[in-house]
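Look at the protein below. The report after it moves from one residue out to the whole chain.

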Amino acid sequence: MGLLWAGLMAGAAQAENVGQKLYDNTCAACHGAAAVGGFAPPLVNPEQWKAMGEKAPLYFAQVAAAGISGPLEVQGQSYRGLIMPPQSGIPAQDLSLIINYVLKDINGVDALSTTESVASALQAPMTHSAIREIRKGKSL
Ligand code: HEC
């Protein structure tokens, strides 16, 4: 019985989403498990990300590369005085998996990042105010 259980658990662990594991290790402390929010705002916000289209994965890549600060309106709630530090120490490939886990698995968004798009953001991080302009739907 014990061995059977161990075998089943090993199978389940292998099937587990890599992006989710990386998210849990890297982002969940602030954004909560399954991105429901915590100290930091929730990332469960399908209307916002769908409305941004192709800019959603670019926005996430820039937030990861540069961090973000300044006022944010998230689902009618105001977040002020908070600062997210850059996550630029994380390899582009891992960040891309994390971003796609949040956008696709959590929010059902089709526009996703690639390792290349995240690597470009890491090489050219923008200012926080410019990144907030992307969120508002203004041009890059
Ligand atoms: C140390 C805490 C912390 C960690 C770790 C962190 N964040 Fe954040 N994040 C924040 C805070 C705080 C904000 C809000 C900043 C503001 O109000 O301007 C934020 C904002 C964001 C936003 C903007 C949300 C919006 O509605 O526009 C995104 C996207 C985001 N984080 C993604 C991530 C991802 C992906 C990770 C993991 C790679 C991560 N964060 C790790 C604290 C964190």
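## Ile-98 and its contacts

Start with Ile-98 in this predicted model. Set aside the neighbours within four places in sequence. Ile-98 is then in contact with Gly-19, Leu-22, Tyr-23, Thr-26 and Cys-27.

Ile-98 also belongs to the largest nonpolar core, which has 32 residues. Ile-98 is one of the residues with the most contacts inside this core; the others are Phe-60, Ala-61, Ile-99 and Val-102. Which elements give two or more residues to the core? They are helix H2 (18–26), helix H4 (46–52), helix H5 (55–66), helix H6 (92–106) and helix H7 (115–123).

## Helix H6

How far apart are the end C-alpha atoms of H6? They are 20 Å apart. At 1.5 Å a residue, the 15 residues of H6 should span 21 Å, so the two values agree.

H6 is mostly covered, with twelve of its 15 residues buried. Among them are the nonpolar-core residues Ile-98, Ile-99 and Val-102. The buried set also includes Asp-94, Ser-96 and Asn-100. What covers the buried residues of H6? The cover includes H2, H4, H5 and H7. After H6 comes Gly-108, which has a positive phi near 70°.

An α-helix has 3.6 residues a turn, so residues three or four places apart point the same way.

## Around the ligand

How many residues surround the ligand? There are 26, and the closest are Cys-27, Cys-30, Ala-40, Leu-82 and Met-84. Cys-27 has appeared before, as a contact of Ile-98.

Several elements each supply at least two residues of this shell. The helices are H3 (28–31), H5 and H6. The strands are S1 (68–69), S2 (72–74) and S4 (83–84). By type, the shell divides into 19 nonpolar residues, six polar and one charged.

## Two alanines in a loop

Now take the loop between H3 and H4. Ala-34 sits there, and Ala-35 has its place there too. Ala-34 is not a glycine, although its phi is positive, about 60°. Ala-35 is likewise a residue other than glycine with a positive phi, near 60°.

Are these alanines buried or partly exposed? Ala-34 has 17 C-beta neighbours inside 10 Å, so Ala-34 counts as partly exposed. Ala-35 has 21 such neighbours, so Ala-35 counts as buried. The cut-off for buried is 20 or more.

## Glu-116 on helix H7

Glu-116 lies in helix H7. Is Glu-116 buried or exposed? Glu-116 counts as exposed, because it has 11 C-beta neighbours inside 10 Å. Exposed requires 12 or fewer.

Glu-116 and Gln-93 are 23 residues apart in sequence. In space, their C-alpha atoms are 8.2 Å apart.

## The whole chain

Step back to the full protein. It has eight helices and four strands. From the N terminus on, the elements run α-α-α-α-α-β-β-β-β-α-α-α.

Buried residues make up 30% of the 140 residues. Now consider contacts between residues at least 6 apart in sequence. Of these, 67% join residues at least 24 apart.

Key. Residues numbered from 1 in each chain as written. Predicted model: local features only at pLDDT ≥ 70, side-chain atom pairs only at ≥ 80, totals over all residues. Core = buried A, V, L, I, M, F, W, Y, C linked by C-beta atoms within 7 Å. Contact = placed C-beta atoms within 7 Å. Expected span 1.5 Å × (residues − 1). Near = placed C-beta within 6 Å. Nonpolar A, V, L, I, M, F, W, Y, C, P; charged D, E, K, R; others polar.
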